[in-house]
Amino acid sequence: MFKSELPSVFYINSKKYSASSELSYLLRNVVSHIRYEWDELVFLCIGSDRITGDSLGPLVGHLLSRHNWPHIHVYGTLKNPVHALNLEEITRQIKARHPLALIIAIDASLGSKKHIGFITLGIGSLCPGLGVKKELPRVGDIFITGIINVSGTFEHFLLQTTRLSMVVDMADSIARGILNAIDTAYS
(Lines give C-alpha, C1' and ligand atoms only; values in the text may rest on other atoms or scores of the structure.)
Protein backbone atom coordinates (compact mmCIF):
# COMPACT_ATOMS: atom_id res chain seq x y z
CA MET A 1 0.00 0.00 0.00
CA PHE A 2 2.83 2.42 0.75
CA LYS A 3 5.98 3.13 -1.28
CA SER A 4 8.30 2.79 1.70
CA GLU A 5 8.07 2.10 5.37
CA LEU A 6 6.92 4.91 7.66
CA PRO A 7 6.14 4.75 11.37
CA SER A 8 2.61 3.42 11.78
CA VAL A 9 1.48 6.26 14.09
CA PHE A 10 2.67 9.83 14.60
CA TYR A 11 1.84 11.76 17.80
CA ILE A 12 1.43 15.54 17.70
CA ASN A 13 0.86 17.63 20.83
CA SER A 14 -2.17 19.76 19.94
CA LYS A 15 -1.22 22.31 22.60
CA LYS A 16 1.93 23.26 20.71
CA TYR A 17 1.75 26.33 18.48
CA SER A 18 3.19 24.26 15.61
CA ALA A 19 0.65 21.39 15.88
CA SER A 20 -1.30 22.20 12.71
CA SER A 21 1.95 22.73 10.74
CA GLU A 22 3.29 19.39 11.98
CA LEU A 23 0.04 17.65 11.05
CA SER A 24 0.08 19.26 7.60
CA TYR A 25 3.65 18.17 6.93
CA LEU A 26 3.09 14.62 8.17
CA LEU A 27 -0.21 14.26 6.29
CA ARG A 28 1.40 15.33 3.00
CA ASN A 29 4.27 12.93 3.67
CA VAL A 30 1.98 9.98 4.43
CA VAL A 31 -0.27 10.68 1.42
CA SER A 32 2.78 10.94 -0.87
CA HIS A 33 3.74 7.40 0.12
CA ILE A 34 0.47 5.90 -1.13
CA ARG A 35 1.32 3.34 -3.78
CA TYR A 36 -2.07 2.76 -5.40
CA GLU A 37 -3.84 5.15 -7.75
CA TRP A 38 -6.59 7.28 -6.25
CA ASP A 39 -8.55 10.06 -7.90
CA GLU A 40 -10.54 11.58 -5.03
CA LEU A 41 -9.96 12.35 -1.39
CA VAL A 42 -12.68 11.64 1.19
CA PHE A 43 -12.61 12.87 4.77
CA LEU A 44 -14.81 10.60 6.89
CA CYS A 45 -15.39 12.53 10.13
CA ILE A 46 -16.92 10.21 12.71
CA GLY A 47 -18.72 11.06 15.93
CA SER A 48 -21.83 12.47 17.50
CA ASP A 49 -22.69 16.09 18.06
CA ARG A 50 -24.71 15.04 21.12
CA ILE A 51 -21.72 13.97 23.24
CA THR A 52 -18.99 16.53 23.90
CA GLY A 53 -16.06 14.11 23.78
CA ASP A 54 -17.37 12.42 20.64
CA SER A 55 -17.94 15.66 18.72
CA LEU A 56 -14.37 16.01 17.43
CA GLY A 57 -15.09 14.36 14.07
CA PRO A 58 -18.25 16.37 13.30
CA LEU A 59 -16.49 19.61 14.34
CA VAL A 60 -13.60 18.91 11.96
CA GLY A 61 -16.09 17.96 9.24
CA HIS A 62 -18.01 21.19 9.85
CA LEU A 63 -14.84 23.26 9.45
CA LEU A 64 -13.72 21.39 6.32
CA SER A 65 -17.17 21.47 4.68
CA ARG A 66 -17.00 25.27 4.46
CA HIS A 67 -14.51 24.83 1.61
CA ASN A 68 -15.25 23.60 -1.87
CA TRP A 69 -12.58 21.68 -3.73
CA PRO A 70 -12.85 19.52 -6.81
CA HIS A 71 -12.34 15.83 -5.99
CA ILE A 72 -12.33 16.33 -2.20
CA HIS A 73 -15.41 15.30 -0.22
CA VAL A 74 -16.37 15.56 3.45
CA TYR A 75 -18.73 13.15 5.21
CA GLY A 76 -19.70 13.78 8.83
CA THR A 77 -20.53 17.30 9.97
CA LEU A 78 -22.46 18.88 12.83
CA LYS A 79 -25.61 18.92 10.66
CA ASN A 80 -25.10 15.43 9.22
CA PRO A 81 -22.94 13.41 11.60
CA VAL A 82 -21.58 9.95 10.82
CA HIS A 83 -21.95 7.81 13.95
CA ALA A 84 -22.51 4.25 15.12
CA LEU A 85 -26.07 4.11 13.77
CA ASN A 86 -25.26 5.15 10.19
CA LEU A 87 -21.56 4.36 9.74
CA GLU A 88 -22.06 1.17 7.73
CA GLU A 89 -24.56 2.82 5.36
CA ILE A 90 -22.39 5.92 4.84
CA THR A 91 -19.36 3.69 4.22
CA ARG A 92 -21.33 1.80 1.52
CA GLN A 93 -22.36 5.11 -0.07
CA ILE A 94 -18.75 6.36 -0.10
CA LYS A 95 -17.53 3.16 -1.77
CA ALA A 96 -20.29 3.41 -4.41
CA ARG A 97 -19.85 7.15 -5.10
CA HIS A 98 -16.07 7.31 -4.79
CA PRO A 99 -14.67 3.86 -5.67
CA LEU A 100 -11.10 5.13 -6.22
CA ALA A 101 -10.98 7.53 -3.28
CA LEU A 102 -8.32 7.75 -0.62
CA ILE A 103 -10.26 7.83 2.65
CA ILE A 104 -8.95 9.71 5.67
CA ALA A 105 -10.98 8.78 8.76
CA ILE A 106 -11.13 11.28 11.65
CA ASP A 107 -12.43 10.41 15.12
CA ALA A 108 -12.01 11.12 18.81
CA SER A 109 -10.22 8.51 20.86
CA LEU A 110 -9.34 7.60 24.41
CA GLY A 111 -5.75 6.91 25.43
CA SER A 112 -3.17 7.08 28.17
CA LYS A 113 -3.10 10.04 30.51
CA LYS A 114 0.22 11.26 29.05
CA HIS A 115 -1.31 11.42 25.56
CA ILE A 116 -4.47 13.40 26.37
CA GLY A 117 -4.51 16.38 24.01
CA PHE A 118 -2.42 14.64 21.35
CA ILE A 119 -3.42 14.22 17.73
CA THR A 120 -2.45 10.96 16.08
CA LEU A 121 -1.92 10.40 12.39
CA GLY A 122 -1.77 6.78 11.37
CA ILE A 123 -1.38 4.58 8.38
CA GLY A 124 -4.28 2.20 7.86
CA SER A 125 -7.82 2.10 9.11
CA LEU A 126 -9.29 2.94 12.48
CA CYS A 127 -11.91 1.10 14.46
CA PRO A 128 -14.55 3.63 15.59
CA GLY A 129 -16.20 3.00 18.93
CA LEU A 130 -13.40 0.79 20.22
CA GLY A 131 -12.85 3.00 23.27
CA VAL A 132 -16.46 2.52 24.36
CA LYS A 133 -16.55 -1.18 23.50
CA LYS A 134 -18.66 -0.89 20.31
CA GLU A 135 -18.07 -3.25 17.42
CA LEU A 136 -18.08 -1.18 14.24
CA PRO A 137 -16.35 -1.79 10.91
CA ARG A 138 -12.80 -0.55 10.37
CA VAL A 139 -12.71 2.50 8.08
CA GLY A 140 -10.17 4.63 6.26
CA ASP A 141 -6.83 4.24 4.53
CA ILE A 142 -5.25 6.85 6.79
CA PHE A 143 -6.56 7.98 10.17
CA ILE A 144 -6.42 11.07 12.32
CA THR A 145 -7.58 10.89 15.92
CA GLY A 146 -7.69 13.30 18.80
CA ILE A 147 -7.05 11.74 22.20
CA ILE A 148 -9.64 13.57 24.26
CA ASN A 149 -9.59 11.63 27.51
CA VAL A 150 -8.10 8.66 29.34
CA SER A 151 -9.23 5.11 28.61
CA GLY A 152 -10.16 2.76 31.40
CA THR A 153 -13.45 2.62 33.22
CA PHE A 154 -16.60 4.69 32.71
CA GLU A 155 -15.71 5.55 29.10
CA HIS A 156 -19.22 6.82 28.29
CA PHE A 157 -19.10 9.13 31.32
CA LEU A 158 -15.65 10.39 30.29
CA LEU A 159 -16.91 11.23 26.79
CA GLN A 160 -19.81 13.19 28.26
CA THR A 161 -17.66 15.16 30.70
CA THR A 162 -14.78 16.03 28.38
CA ARG A 163 -14.21 19.78 28.20
CA LEU A 164 -15.70 21.29 25.06
CA SER A 165 -12.91 23.87 24.84
CA MET A 166 -10.30 21.12 24.47
CA VAL A 167 -12.31 19.36 21.76
CA VAL A 168 -12.89 22.62 19.84
CA ASP A 169 -9.21 23.60 20.08
CA MET A 170 -8.15 20.17 18.85
CA ALA A 171 -10.69 20.27 15.99
CA ASP A 172 -9.39 23.70 14.96
CA SER A 173 -5.82 22.42 14.95
CA ILE A 174 -6.72 19.33 12.91
CA ALA A 175 -8.77 21.34 10.40
CA ARG A 176 -5.99 23.94 10.00
CA GLY A 177 -3.46 21.16 9.39
CA ILE A 178 -5.66 19.53 6.76
CA LEU A 179 -6.45 22.85 5.06
CA ASN A 180 -2.75 23.74 4.95
CA ALA A 181 -1.93 20.33 3.45
CA ILE A 182 -4.60 20.78 0.77
CA ASP A 183 -3.57 24.35 -0.01
CA THR A 184 0.07 23.28 -0.33
CA ALA A 185 -0.84 20.33 -2.56
CA TYR A 186 -2.98 22.47 -4.89
CA SER A 187 -0.68 25.53 -5.01
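Select helix H2 first: 8 of its 10 residues are buried, so this helix is largely enclosed by the rest of the structure. The model on display is a predicted one, and the tour below moves outward from this helix to its neighbours and then to the loops.

**Stop 1: helix H2**

Colour Leu56, Gly57, Pro58, Leu59, Val60, Gly61, Leu63 and Leu64, which are the buried residues of H2. Next, display the elements around them. The buried residues of H2 pack against strand E2 (40–45), E3, E4, E6 and H5.

Keep H2 (residues 56–65) in view and add H5 (164–185). The two helices pack at an angle of about 45°, and their axes lie 9 Å apart. H2 is therefore oblique to H5. To see how the two meet, show the side chains of Leu56, Leu59, Val60, Leu63 and Leu64 on H2. On the H5 side, the contact is made by Val167, Val168, Met170, Ala171, Asp172, Ile174, Ala175, Ile178 and Leu179. The crossing of this pair is right-handed.

**Stop 2: the whole chain**

Zoom out to the complete protein chain, which has 5 helices and 6 strands. Followed along the sequence, these elements come in the order β-α-β-α-β-α-β-β-β-α-α. Of the 187 residues in the chain, 51% are buried. The surface that remains exposed amounts to about 9800 Å², with 54% of it supplied by carbon and sulfur atoms.

How much of the contact within the chain links residues 24 or more positions apart? Among contacts with a separation of 6 or more, such pairs account for 73%.

**Stop 3: helix H1**

Select residues 19–32, which form helix H1. This helix has 14 residues and reaches 20 Å from its first C-alpha to its last, close to the 20 Å expected at 1.5 Å a residue. Highlight Ala19, Ser20, Leu23, Ser24, Leu26, Leu27, Val30 and Val31, as these residues of H1 are buried. Against which elements do the buried residues of H1 pack? Their partners are strand E1 (9–13), strand E4 (101–111), strand E5 (118–123), strand E6 (142–150) and helix H5 (164–185).

Now display H1 together with H5. Their axes are 7 Å apart and the packing angle is about 50°. The two helices are therefore oblique to each other. H1 passes H5 in a right-handed crossing. On H1, the contact involves Ala19, Ser20, Leu23, Ser24, Leu27 and Arg28. On H5, it involves Ser173, Ile174, Arg176, Gly177, Ile178, Asn180, Ala181 and Thr184.

**Stop 4: two residues of helix H5**

Centre the view on Ser173, a residue of helix H5. Is Ser173 buried or exposed? At 2% relative accessibility, Ser173 counts as buried. Leaving aside residues up to four places away in sequence, Ser173 touches Ser14, Ala19, Ser20, Leu23 and Ile119.

Move along H5 to Thr184, which also belongs to this helix. Thr184 has 39% relative accessibility and counts as partly exposed. Draw a distance from its C-alpha to that of Ser24: the two residues are 160 apart in sequence, yet 8.9 Å apart in space.

**Stop 5: three loop residues**

Select Arg163, in the loop between helix H4 (155–160) and H5. Arg163 is exposed, with a relative accessible area of 61%. Gly53 should be selected with it: the C-alpha atoms of Arg163 and Gly53 are 7.4 Å apart, although 110 residues separate the pair in sequence.

Turn next to Pro99, which lies in the loop between helix H3 (87–97) and E4. Pro99 counts as exposed, at 60% relative accessibility. Its C-alpha is separated by 8.8 Å from that of Trp38, and the two residues are 61 apart along the chain.

Finish at His71, in the loop between H2 and strand E3 (72–75). His71 is partly exposed, having a relative accessible area of 49%. What is to be noted about the phi of His71? Its phi is near 70°, a positive value in a residue other than glycine. Most residues other than glycine have a negative phi.

Terms used:
Residues numbered from 1 in each chain as written. Predicted model: local features only at pLDDT ≥ 70, side-chain atom pairs only at ≥ 80, totals over all residues. Heavy atoms only, no water. Helix = DSSP H or I, 4+ residues; strand = E, 2+ residues; numbered from the N terminus. Buried < 20%, exposed > 50% of the residue type's maximum accessible area, 1.4 Å probe, protein only. Contact = heavy atoms within 4.5 Å. Areas by Shrake-Rupley, 256 points an atom, 1.4 Å probe, with all protein chains shown as cover. Expected span 1.5 Å × (residues − 1). Axes fitted to C-alpha atoms, helices over the stretch in contact; angles between N-to-C directions. Parallel < 35°, antiparallel > 145°, perpendicular 65-115°, else oblique. Left-handed = near helix turned anticlockwise from the far one by under 90°.
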